[in-house]
Amino acid sequence: MNESHIRHAIERKREGCELDHDLWQALISAYMDGVVDDAQMAALCMASLWRGLSEMEIFALTDAIVHSGASVRFSDAIRVVDKHSSGGVSDIVSLVAVPLAAACGAKVAKLSGRALGHTGGTIDKLETIRGFNVALSLDRFVAQVESIGCAISAQSAEIVPADKRLYHLRDHTGTVPSMGLIAASIVSKKIAGGAHGIVFDVKTGVGGFMRTKEEAAELGRTMVDIARRFGRSATALITDMNEPLGTCIGTGIEIAEACELLRGERHEDRAVDLVVDIVRAMLRVSDLPESAERVLATLRSGDAYTMFCSMVEAQGGIASTLDSLHVPRSGGTIIAAGASGFVTAIDVVRLGNLGRMLAMSDPMNGIVMNARLGSHCDAGTPLFTLYGSADALGDLATIVSLAPSPSPQHALVAETIG
Ligand code: URA
């Protein structure tokens, strides 16, 4: 590929033309070889953002990113599932769903990321467990899934190196929010991760990267279609992020909440409801029997907690430290309602950023929520409690909006695709 080929490809995308499969392969491979420079790739990303990418182009780009590095291979004798969240606040689903699905018989190979923007990262949370190794080699990752049934590891440097470079470039050039580029980035990681079945949890609402249900559904549909073109079973759930999913926001404090859920200590809970829906989808794409009763019975039996402890020990963590881990329920700084009213909006982005900041000094620092959308508060009712230094953080009560009448409720799962 020479200079004039590269310029011609950028100009064609700028004019809204479809670039063919071989051209996308050549462009990504030339980028990794240093023949296409960052300025040219940024121009191509911006043209792709404005002009859009066809499904053929998203597939071609995904394929090129997958082939930029190594891929995980599992034995053909087992069927492996992975799940991916597009990013949320108090999103403890992976921590509970991975061992729960494994306890129900699935083989779960979860490659996870770190915090991105205001959203939390499963890897940052797991790292707070003493000794836990978040950086398994690919061989150890495969062996652990095959032996105990599940593993959660950070994506290694060998997998999708092109995505790493592209993501960094997009972050610097305002080209992240392109449906096609996001779909290729996410699906390439899942394909390289080796799973046969994939469940996408696409968050929508004020705390998600996709603000509207329509945008989230389009992303979900695109990712399911692309994953299927790679021969994988896939499904996407469009789920609500207009309020934090669980009650804790931080890192170690979210591990404490996940442990309470896994020990079956909490039943009537939004997070449990979503975990059950996600696990059912994981079992479906694994061709295993699924029902809410079966999943809930496994959760209540303690088998999911035992599986979580086995995973922690297999990855070098000290599982006995988890038994006494609980969400803090006293102390802290209470942020109370200044007047009475119904909770009509919660600034999830501000909460997510605050939770990340508080957890930096101590993993058990963070936020514990009391307010829920639609609930009624009197003046003085605790909205949430902060653990960690609350000095100079401004008027935190404004994070929760109160009004004389409730606003319409958001469905926890707005749509299931595939
Ligand atoms: N998450 C990813 O992995 N990639 C994107 O482009 C956006 C969110």
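**Exercise 1. Helices around the ligand**

Determine which helices of this predicted model each supply at least two residues of the shell around the ligand.

*Solution.* Step 1: list the shell. The residues around the ligand are Tyr167, Arg170, Ile182, Ser185, Ile186 and Lys189.

Step 2: assign these residues to helices. Helix 8 spans 161-173 and helix 9 spans 179-192, and each of these supplies at least two residues of the shell.

Step 3: weigh the contributions. Helix 9 provides the largest share of the shell, 4 residues.

**Exercise 2. Character of the shell and polar contacts**

Classify the residues of the shell around the ligand as nonpolar, polar or charged, and identify polar side-chain atoms of Arg170, Ser185 and Lys189 that approach the ligand.

*Solution.* Step 1: sort by residue class. The shell divides into 3 nonpolar, 1 polar and 2 charged residues.

Step 2: consider the oxygen atoms of the ligand. A polar side-chain atom of Arg170 is 3.0 Å from a ligand oxygen atom, and one of Lys189 is 2.6 Å from a ligand oxygen atom.

Step 3: consider nitrogen. A polar side-chain atom of Ser185 lies 2.6 Å from a nitrogen atom of the ligand.

Step 4: apply the cut-off. A polar contact requires a pair of N or O atoms within 3.5 Å; the distances for Arg170, Ser185 and Lys189 meet this condition.

Step 5: evaluate the cover. On its own the ligand has 230 Å² of accessible area, of which the protein covers 89%.

Step 6: locate the site among the pockets. The ligand takes the space of the largest pocket.

**Exercise 3. An open sheet**

Establish the strand order of the open sheet of 3 strands and name its edge strands.

*Solution.* Step 1: read the order. The strands are arranged as 10-8-12, and their pairing is antiparallel.

Step 2: find the edges. Strand 10 (376-377) and strand 12 (400-403) each pair on one side only, and are thus the edge strands.

Step 3: examine one pairing. Strand 8 (residues 341-346) and strand 10 run antiparallel and are joined by 2 bridges.

Step 4: specify a bridge. Gly341 has Cys377 in strand 10 as its bridge partner.

Definitions and conventions. Residues are numbered from 1 along each chain as its sequence is written. This is a predicted model: local features need pLDDT of at least 70, side-chain atom pairs count only at pLDDT 80 or more; totals for chains, interfaces and linings use all residues. Side-chain values use heavy atoms; hydrogens and water are left out. A residue is near a molecule or strand if one of its heavy atoms lies within 4 Å of it. A polar contact is a pair of N or O atoms within 3.5 Å; within protein, one must be able to donate a hydrogen and the other to accept it, and residues adjacent in sequence count only if both atoms are side-chain atoms. Accessible areas come from the Shrake-Rupley method with a 1.4 Å probe; for residues, only the protein chains shown count as cover. On a 1 Å grid over the protein atoms alone, a cavity is a set of points where a 1.4 Å probe fits but cannot get out, and a pocket is an open set with protein on both sides within 12 Å along at least five of seven lines; lining residues have an atom within 4 Å of a point. A molecule sits in a cavity or pocket if more than half of its atoms lie within 2 Å of its grid points. Ala, Val, Leu, Ile, Met, Phe, Trp, Tyr, Cys and Pro count as nonpolar, Asp, Glu, Lys and Arg as charged, and the others, Gly among them, as polar. Two strands pair if DSSP finds at least two bridges between them.
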